[in-house]
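Work through the exercises below. Try each task before reading its solution.

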There are 2 protein chains.
Amino acid sequence: MHSSAEENYLKAIYKLQEANGEMVATSALAQVLGIHMASVTDMLKKMSNKKLVAYQKSKGFKLTEKGRLAAISIIRKHRLWEVFLVDKLRFRWDEVHEIAEQLEHIHSQELIDKLDAYLDFPKADPHGDPIPDAKGIFAINKSVLLASLAPGSQGKFTGVTDHSSAFLNYLDKIGLSLGDSVKVKEVEEFDKNYTLLLKGKKSVVVSFKVANSLLISE
Amino acid sequence: MHSSAEENYLKAIYKLQEANGEMVATSALAQVLGIHMASVTDMLKKMSNKKLVAYQKSKGFKLTEKGRLAAISIIRKHRLWEVFLVDKLRFRWDEVHEIAEQLEHIHSQELIDKLDAYLDFPKADPHGDPIPDAKGIFAINKSVLLASLAPGSQGKFTGVTDHSSAFLNYLDKIGLSLGDSVKVKEVEEFDKNYTLLLKGKKSVVVSFKVANSLLISE
DNA sequence: AATAAAAATTAGGCAAGCCTAATATTACTG
DNA sequence: CAGTAATATTAGGCTTGCCTAATTTTTATT
């Protein structure tokens, strides 16, 4: 079994690879984990010996298949626990991340399988992030960033890329919830502000920063 | 916040004090934690500095009030998680201990309070062990060991002192469940075997070892 | 290409928690 | 009460996962 530290590395590398392509840099990892580069070098040497990551000198490193499967398993746990916290324990969607960060490190295959069944095999967590099944397969997610849409396009709001409390609370405040239909009414050239039409009625203006953190499907 | 290691010490010391009176010996703790005495000495020095335990040289040590409260909080978490695993996730009562050993170290007061409410404020875990409330108060438990009862006495089976899978499976096998009424029909002088009458009908013969692990109330 | 800046690694250290071996203390027993 | 056994403690070490400081390698800039 892997240590919590290793699991956090695996998860972070997985997410960096997803976001920025194949190879991941020591510095990028150090930044997202909030630790120093020397420590990352250290750890990656160990994880490389365990065949969880593969080096390519002066190109960075990436997960091996073994590492990828381990990472997905952790992500699965994290997201299932988030569903539990919101659906069953009635936490708000902006409160669950830190607790799930702890729960994801509980080691028990049977626990996570039973939790999955208890939650009725959810396909996405409270932030719209897809939950891989027991075999590590994601129900395909073809969402795009709202910021990539042209005026006139519309779709369904199905996820966020910023999981901070501040951002999630802002969405609550402007009345935007997962599943809502969203239409891009106008994009202001000058400041890149987006004017959106929510659920076919309310209109709100959001910054590029916000538009770039919203995932739209369909 | 305390480390998992510290929490395990706190819990173990609490249980030893409960079982054997005031002072706890280094050797006893080393034995139940499965680590060496020198390590225990080490750790207790640190925990003593943190005012979690109080030394009395050559008499052993015991929990301070601060330590006692911390221990009870961990026990509360452990037992609530056990209820969750059995009542909600449908684990068997002999499967939950190891998983709860991990879950008990999750740090979030809000989580445990919401879990408590979700489970409808249970007073005992699946093994009959009392669950302290949020203030650390136990609903009083006046159970006695079945092995201390004279022939003819009867009561309700409300708990166990042995939480091993082997023992719990044995109870399942002989058909003894929490809440059942039990009458001591006979105690054999020679080998200390107990003949019990379960639920007023079935009669079973159990060893002293078993009788000494069953808690009877009422 | 020379130089500066950025990225990565190496070397040496530290705290937590464990270990073994050696020593000291306390308790038990004849 | 001496001698042994049981208990405890000290001393020195190890691994994990982090740190700082120094150095090397790579990349970017002129």
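A salt bridge here is a side-chain nitrogen of Lys or Arg within 4 Å of a carboxyl oxygen of Asp or Glu. The model is predicted. By this rule, 23 salt bridges are counted over all chains.

**Exercise 1. Place the salt bridge between Asp113(A) and Arg76(A) in the chain, and classify the accessibility of both partners.**

Step 1. Take the distance. The two side chains meet at 3.6 Å, N to O.

Step 2. Find the elements. Asp113(A) sits in helix α6 (residues 109-118) of chain A and Arg76(A) in helix α4 (residues 65-88) of chain A, so the bridge ties together parts 37 residues apart in sequence.

Step 3. Apply the cut-offs. Buried means under 20% relative accessible area, and exposed means over 50%. Asp113(A) has 32% relative accessibility, so it counts as partly exposed. Arg76(A) has 6%, so it counts as buried.

**Exercise 2. Describe the salt bridge of Asp125(A) with Arg79(A).**

Step 1. The closest N and O atoms are 4.0 Å apart.

Step 2. The pair links distant parts of the chain, 46 residues apart. Asp125(A) lies in the loop between α6 and β3 (144-145) of chain A, and Arg79(A) in helix α4 of chain A.

Step 3. Both Asp125(A) and Arg79(A) are buried.

**Exercise 3. Turn to chain B and examine Asp113(B) and Arg76(B).**

Step 1. Their side chains form a salt bridge at 3.6 Å, N to O.

Step 2. Asp113(B) belongs to helix α6 of chain B and Arg76(B) to helix α4 of chain B, 37 residues apart.

Step 3. Asp113(B) is partly exposed because its relative accessibility is 33%. Arg76(B) is buried, because its relative accessible area is 5%.

**Exercise 4. Locate Arg90(B) and Asp120(B), and state the sign of phi for each.**

Step 1. Arg90(B) is in the loop between α4 (65-88) and α5 (96-103) of chain B. Its phi is positive, near 65°, though it is not a glycine.

Step 2. Asp120(B) is in the loop between α6 (109-118) and β3 (144-145) of chain B. Its phi is also positive, about 70°, and it is not a glycine either.

Step 3. Arg90(B) has a relative accessible area of 62%, so it is exposed. Asp120(B), at 61%, counts as exposed.

**Exercise 5. Which residues form the negative surface patch?**

Step 1. The patch is made by Glu186(A), Glu188(A), Glu189(A) and Asp191(A).

Step 2. Place one member. Glu186(A) falls in strand β5 (residues 181-187) of chain A.

Step 3. Glu186(A) has a relative accessible area of 42%, so it is partly exposed.

Conventions:
Residues numbered from 1 in each chain as written. Chains lettered and ligands numbered in written order. Predicted model: local features only at pLDDT ≥ 70, side-chain atom pairs only at ≥ 80, totals over all residues. Heavy atoms only, no water. Patch = residues over 30% accessible without salt bridge, like charges linked within 9 Å, V, L, I, M, F, W, Y side chains within 5 Å. Areas by Shrake-Rupley, 256 points an atom, 1.4 Å probe, with all protein chains shown as cover. Lys, Arg positive; Asp, Glu negative; His and termini not counted. Charge placed at Lys NZ, Arg CZ, Asp CG, Glu CD. Helix = DSSP H or I, 4+ residues; strand = E, 2+ residues; numbered from the N terminus. Buried < 20%, exposed > 50% of the residue type's maximum accessible area, 1.4 Å probe, protein only.
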